[in-house]
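Student: I am new to this structure and would like a close look at a single part of it. Please take me through how some of the helices pack, and then what surrounds them.

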Amino acid sequence: MNDTGTTARAGRREWIGLAVLALPTLLLSLDMSVLHLAVPHLAADLRPSGTQLLWIIDIYGFMVAGFLVTMGTLGDRIGRRKLLMYGGAAFGLASILAAFSSSPEMLIAARAVLGIAGATLMPSTLALISNMFTDARQRGVAIAVWMSCFMGGMVIGPLVGGLLLEVGWWGAVFLLAVPVMVLLLATAPALLPEYRDEQAGRLDLVSVVLSLGTVLPVVFALKEFAKDGPSAVTLLVLGAGLAVGVAFVRRQRTLADPMLDLSLFRNRKFTAALSIMSVGALIMGGVFLLVSQYLQLVAGLSAVEAGVVLVPQALAVVAGSLIAPRLARRIRPEFVLGFGMIVAAGGFVLFTQAGVDGLLPVVLGMSIASFGMGPQGVLCTEMVIGSVPARRAGAASATSETTGEFGIAMGIALFGSIGTAVYRDELTLPTGLTGPAAAEASESLAGATTVAAGMDEQAAAGLLESAREAFTSGLHTVATIGGVVVVVFAVVGMVALRKSGTPAPETTPAPTPEPALVA
């Protein structure tokens with residue numbers, strides 16, 4: 001706010017600063033998807049065991065999810081720009097370490113550091129945007145740009161990774177981060193303001209441990225559930241994580257300055273927006289998992305070709321994200337959200353028309369679904385950030401991103417299980433295929449492809465045809481369920497946000513910077 005009490009509009013410095021914040025955001029999302037292309041190359045070089053390879057792939061996501069809330073709260077206390085710069089330096093150094101790793105253990109350690117550093121970057125960038133853009137309209141546009149970079153990076157990751165591997169070795173996918181982080185460290189002091197909560201107390205280390213003890217086991221259990229289905233060990237780990245989560249919540253209620261302010265959830269708009277974001281992440285995470293497998297295992301595309309095919313989806317999500325703030329100036333934001341989700345449901349309907357050949361229904365359906373879900377990410381993030389005090393922006397940002405991580409993990413576990421169940425029910429095995437080979441072929445389409453490689457040509461063709469048709473049936477089922485859930489939550493979301501008193505953006509008051517903040 002300026003001296004006259006009106007909201008100050010951002011100038012050229014803030015918009016250039018947004019570009020600086022967008023680069024690491026794009027890079028983080030690239031890093032989540034680009035490694036999968038490099039796996040065959042690094043596996044041939046470092047020769048990791050099967051367990052080590054899984055940890056190389058998964059440890060980054062575990063650390064990001066586990067440390068988001070901690071780092072968001074830490075940024076509120078020590079300064080968001082300071083945390084961003086510390087995280088950027090650590091991310092750059094860890095990227096170099098990962099690129100030149102000489103053993104699986106070294107690469108796992110580097111990926112773990114990358115995940116922790118990534119957890120500092122994500123909430124810091126979003127919290128700084130909330131401080132730099134106090135005008136509601138400008139903040140909506142800035143969040144749209146931020147969200148477009150994040151979502152677009154995840155889709156173009158395979159394409160970028162494929163191009164890098166064509167001209168270099170597997171370490172090149174990690175070195176991509178280094179110049180971006182150097183640029184961030186060089187420009188942040190001049191372009192990004194510093195904000196911190198002077199009234200905040202020390203970070204409660206017990207809460208940090210309890211937070212990690214909650215998030216890591218739950219995410220791990222969901223991932224294992226998606227891979228191998230329910231087991232005694234998975235359920236035990238999930239139960240342990242939930243039990244620690246109860247202890248975490250109880251401790252937050254007793255602290256004068258909690259790590260996670262639970263009173264935020266009494267804000268209807270905050271809670272409704274988080275719920276809608278969670279459902280959106282769950283649906284898109286689960287459907288995108290099956291679409292990625294469809295493109296490579298049914299349509300027979302390489303990872304790079306699949307990346308090229310998904311470029312329209314990247315453009316669609318960017319378009320949907322950028323158009324949302326403009327539409328929300330003329331239409332109530334909850335209606336923009338609801339209508340967008342109904343459009344997304346139409347995209348899911350197109351998936352039901354996909355066959356074992358012909359990419360058009362899948363590509364068109366994914367593009368329409370992504371366009372329709374674009375406003376959901378942008379407007380819900382704006383609602384979350386705009387509904388909390390400025391000094392809590394870091395914690396609110398981390399909470400929204402953690403919600404997205406959980407949503408994606410749950411979507412992969414839930415829809416992956418549904419798709420697998422339909423696949424097993426629809427699959428017809430060739431006569432004479434029994435024992436371990438039959439079990440492997442019945443487990444997944446990837447397993448059937450592996451088994452078919454050791455069979456005679458006629459039997460292999462029959463197995464692959466049946467497996468691809470069964471997998472496509474699973475995609476149809478998941479898309480149908482996803483479409484129904486999206487429509488239901490479109491209506492529920494519109495009603496919930498309407499009851500929360502969400503005003504149109506023109507009248508949305510920007511969060512007032514408090515005296516506790518220093519710039």
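Tutor: The model is a predicted one, and a good part to look at is helix 14, which spans residues 360–386. Start with its neighbour helix 13, residues 333–351. The two pack with their axes 7 Å apart, at an angle of about 160°. Angles over 145 degrees count as roughly antiparallel, so helix 13 is roughly antiparallel to helix 14. The crossing of this pair is left-handed. Sorted by class, the residues in the contact of helix 13 with helix 14 are 20 nonpolar and five polar, with no charged residues.

Helix 14 also meets helix 10, which covers residues 268–298. The axes of helix 10 and helix 14 come within 9 Å and cross at roughly 155°. That angle makes helix 10 roughly antiparallel to helix 14. Here too the crossing is described as left-handed.

Helix 14 has a further link, through a charged pair. Side chains of opposite charge can pair when their charged atoms come close. E382 forms a salt bridge with R139, and the closest N and O atoms are 2.8 Å apart. E382 belongs to helix 14 and R139 to helix 5 (residues 136–167), so the pair ties together parts that are 243 residues apart in sequence. The model's count of salt bridges comes to seven.

From helix 10 the view can move on to a pocket. Helix 10 supplies at least two residues of the lining of the second largest pocket, and so do helix 8 (205–228), helix 9 (232–254) and helix 15 (393–426). The space in this pocket is about 560 Å³. Its lining has 20 residues, and L260, F265, T402, T403 and F406 are the closest to the centre of the pocket. By class, the lining has 11 nonpolar residues, nine polar ones and no charged ones.

For another helix pair to set beside those of helix 14, take helix 3 (residues 80–99) and helix 4 (residues 104–132). Their axes are 8 Å apart, and the packing angle is about 155°. That makes helix 3 roughly antiparallel to helix 4. The crossing of helix 3 and helix 4 is left-handed. The contact of helix 3 with helix 4 includes two charged residues, along with 16 nonpolar and eight polar ones, whereas the contact of helix 13 with helix 14 has no charged residues.

Note on methods:
Residues are numbered from 1 along each chain as its sequence is written. This is a predicted model: local features need pLDDT of at least 70, side-chain atom pairs count only at pLDDT 80 or more; totals for chains, interfaces and linings use all residues. Side-chain values use heavy atoms; hydrogens and water are left out. On a 1 Å grid over the protein atoms alone, a cavity is a set of points where a 1.4 Å probe fits but cannot get out, and a pocket is an open set with protein on both sides within 12 Å along at least five of seven lines; lining residues have an atom within 4 Å of a point. Grid points are joined across faces, edges and corners, and a volume is the space filled by probe spheres set on the points. Helices (H or I, at least four residues) and strands (E, at least two) are DSSP runs, numbered from the N terminus. Ala, Val, Leu, Ile, Met, Phe, Trp, Tyr, Cys and Pro count as nonpolar, Asp, Glu, Lys and Arg as charged, and the others, Gly among them, as polar. Axes are lines fitted to C-alpha atoms, for helices over the stretch in contact, and angles run from 0 to 180 degrees between N-to-C directions. Angles under 35 degrees count as roughly parallel, over 145 as roughly antiparallel, 65 to 115 as roughly perpendicular and the rest as oblique. A crossing is left-handed if the near helix is turned anticlockwise from the far one by less than a right angle, and right-handed if clockwise. A salt bridge is a side-chain nitrogen of Lys or Arg within 4 Å of a carboxyl oxygen of Asp or Glu.
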